[in-house]
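User: Hi! I've got a structure open and would like to talk it through with you. Can we start on the surface and work inwards?

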Amino acid sequence: MASLRLTLRSLGVSHRCCPRFPLSRITSSTFREFATNLSPPSKAVVYEQQGPPDQVTRVIDLPPVELKANDVCVKMLAAPINPSDINRIEGVYPVRPIVPAIGGHEGVGEVYSVGSGVCNLSVGDWVIPSPPSFGTWQTYIVKEETVWHKIDKDVPMEYAATINVNPLTALRMLEDFVKLKPGDTIIQNGATSIVGQCVIQLARIQGVHSVNIIRDRVGSEEAKGKLKNLGADKVYTESQLEVKNIKSLLGDLPEPVLGFNCVGGSAASLVLKLLRLGGTMVTYGGMSRKPVTVPTSAFIFKDLALRGFWLQKWTNSETAKDCIPMIGHILTLVKNGKLQYEMELVPFEDFSTALDKALGKSGSHPKQVIRF
């Protein structure tokens, strides 16, 4: 009995808080039954206050969590470090969890155990949180079955971990604002981002041309080549577009009917300059943290429309029910080699290094994806 009591304590469980299992009645078999209702201990990246992510985050040990009837315990396999994750920790994102909080918003995991009332998931299934939810930067997560969506295991882990945010953003923006036709042209800044890479490929599948703007930086020519290999029609640095007759750079392409802005400032102005009469620019980010400034002539003489897109708002709307088949469609494109983007898998033990790269401390790096 003493060894059994010690084992309970090692799990972080006191017999005083478990009236269903008084120690006088516990046998080896009832202990095993009780233990299966607990998740394993977990490691997690937490922050107790908003601030610079590299200063306020730390890795801690979490005790086991009891599974209720409809709960699923998921062993996380991989989770990315997205800009929105960083913004939440910094406290500048419109929606953020109450601190102390666990970081991360999307990822992929494997079902480790299930509650007695779970019907649609089994141990060993791969699942993603859909819609994305807080707290994916931890080794084990316990949440209700309704949070998890089962996916096929024949997708590379890093793609499964990142399918919920950036590719879905690209798909929705291409379909929700302008009815694009084969032969149309779109334009975007921030083209080397994962959203940008997905926009290029998804547009190409639809027969839509893309004009892409990237920052002036070391390695810009290499970046141009990578984007063209993905299907980009034109790729320019911001300085190359600072010419008087900017539309001559389009060549034989039609003037863009739709533009995407994730940078702001002068990079947004370049998108506006190239849009055709009656065109639409959709802003979904502001990496430069500079405002979008629109000349009066763009409204009066070009009748341009400015819109915004926020995936979290979309997934909270009535159309969110359509999210599951869209994710399936995107994953099929990945499996068929029609959608790819740059990522770097990093062991969880090296989280601080991955975070530094995601913060841009040592230049430009691919999307950092933590592997647990």
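Analyst: Happy to. Let's begin with Phe 301, which sits in the loop between helix H10 (296-300) and strand E14 (305-308). Helices (H or I, at least four residues) and strands (E, at least two) are DSSP runs, numbered from the N terminus. This is a predicted model, where local features need pLDDT of at least 70 and side-chain atom pairs count only at pLDDT 80 or more, while totals for chains, interfaces and linings use all residues. Residues are numbered from 1 along each chain as its sequence is written, and side-chain values use heavy atoms, leaving out hydrogens and water.

User: Is Phe 301 buried or exposed?

Analyst: Phe 301 counts as exposed because its relative accessibility is 64%. Buried means under 20% relative accessible area, exposed over 50%, and partly exposed in between (1.4 Å probe, protein chains only).

User: Which residues form a nonpolar patch with Phe 301?

Analyst: Val 292, Phe 299, Ile 300 and Leu 306 join Phe 301 in that surface patch, with about 490 Å² of accessible area together. Areas come from the Shrake-Rupley method with a 1.4 Å probe, and for residues only the protein chains shown count as cover. Patch members have over 30% relative accessible area and no salt bridge; nonpolar side chains (Val, Leu, Ile, Met, Phe, Trp, Tyr) are joined within 5 Å, like charges within 9 Å. A salt bridge is a side-chain nitrogen of Lys or Arg within 4 Å of a carboxyl oxygen of Asp or Glu.

User: Now inwards. How many residues of helix H6 are buried?

Analyst: Nine of the 11 residues in H6 (residues 166-176) are buried. Among them are Asn 166, Arg 172 and Met 173.

User: What about Asn 164, buried or exposed?

Analyst: Asn 164 is buried, with a relative accessible area of 1%. Its place is the loop between H5 and H6. Beyond neighbours within four places in sequence, its contacts (heavy atoms within 4.5 Å) include Glu 106, Pro 132 and Ile 327.

User: And which residues touch the most other members of the largest nonpolar core?

Analyst: Val 108, Ile 163, Met 173, Leu 180, Leu 258, Phe 260 and Phe 309 do, in a core of 51 residues. H12 gives the largest share, seven residues. A nonpolar core is a set of buried Ala, Val, Leu, Ile, Met, Phe, Trp, Tyr and Cys residues joined through side-chain atoms within 4.5 Å.

User: Last one: how much of the protein is buried?

Analyst: Buried residues make up 49% of the 372.
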